[in-house]
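Thanks for coming. I have one structure to go through today, and I will talk about its packing and then its charged pairs. Please have a look at it while I start.

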Amino acid sequence: MTQNASSTITHMLQTHPQIGQSPFDLNALTECIDACFECAQVCTSCADACLGETEHAGHLTHCIRLNLDCADICTTTGRVLIRQTQPEMAVIRAQLQACLAACKACGDECQEHAEKMDMKHCAVCAESCRRCKQACQKMLDGLNA
């Protein structure tokens, strides 16, 4: 029986020797890690799809840049969050805030292209960015509680 990525990440975190000392809610943490890694993949794919939009290439340069920046920031955020040994909370907060900013910028740009240019791949990307932004906000809210 194959586990999905989310259950595998949850299982890995549950087996970590430091998890009992973690300042994070396990469900929110897993959700955020999943959302970050998914968003990174979707943004990378959207950038590639934008490159394939040859008739609109000149209008999509900024979108491609935001896709790639967002993908890198989301990947880094997921990697920072999955490490549980002696987390530095100031770094985690800053990383989550960077991810929020990247997802908002990329999601807003993609939403505009989805609506004005009927780019379906940008609609998918905008939704993934929204989910990631919400998951990062939930993590931040939990840290600030």
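Let me start with L96. Leaving aside residues up to four places away in sequence, L96 touches C32, T77 and L81, and also C136, M139, L140 and L143. Keep in mind that this is a predicted model.

Where does L96 sit in the wider packing? L96 is among the residues with the most contacts inside the largest nonpolar core, together with C70, C74 and C132. That core has 44 residues. Helices α1, covering 5-15, α2, α3, α4, covering 89-117, and α5 each give two or more residues to the core. Which element gives the largest share? That is α2, with twelve residues.

Now the charged pairs. The structure holds eight salt bridges, and I will go through three of them.

The first one I want to show is between the side chains of K138 and E31, at 3.3 Å from N to O. This pair links distant parts of the chain, with the two positions 107 residues apart in numbering: K138 belongs to helix α5, residues 120-144, and E31 to helix α2, residues 26-52. Are these two buried or exposed? Neither label fits, because K138 has a relative accessible area of 43% and E31 has 37%, and partly exposed is the class between 20% and 50%.

Next, D69 and R65. Their side chains meet in a salt bridge at 2.7 Å, N to O. Here both partners lie in helix α3, residues 61-82, four residues apart, which is about one turn of the helix. The two ends fall into separate accessibility classes: D69 is partly exposed at 28%, whereas R65, at 54%, counts as exposed. The cut-off that matters for R65 is 50%, since exposed means over that value.

The last pair is R130 with E127, where the closest N and O atoms are 2.9 Å apart. Both residues lie in helix α5, three residues apart, again about one turn of the helix. R130 is partly exposed, with a relative accessible area of 34%, and E127 is partly exposed too, at 33%. This pair does not stand alone: salt bridges that share partners join E38, E127, R130 and R131 into one network.

To recap, α2 gives twelve residues to the largest nonpolar core, and α2 also carries E31, the partner of K138 in α5. Helix α5 holds the R130 and E127 pair as well. That is what I have; questions are welcome.

Definitions and conventions:
Residues numbered from 1 in each chain as written. Predicted model: local features only at pLDDT ≥ 70, side-chain atom pairs only at ≥ 80, totals over all residues. Heavy atoms only, no water. Salt bridge = Lys/Arg side-chain N within 4 Å of Asp/Glu carboxyl O. Buried < 20%, exposed > 50% of the residue type's maximum accessible area, 1.4 Å probe, protein only. Core = buried A, V, L, I, M, F, W, Y, C linked by side-chain atoms within 4.5 Å. Contact = heavy atoms within 4.5 Å.
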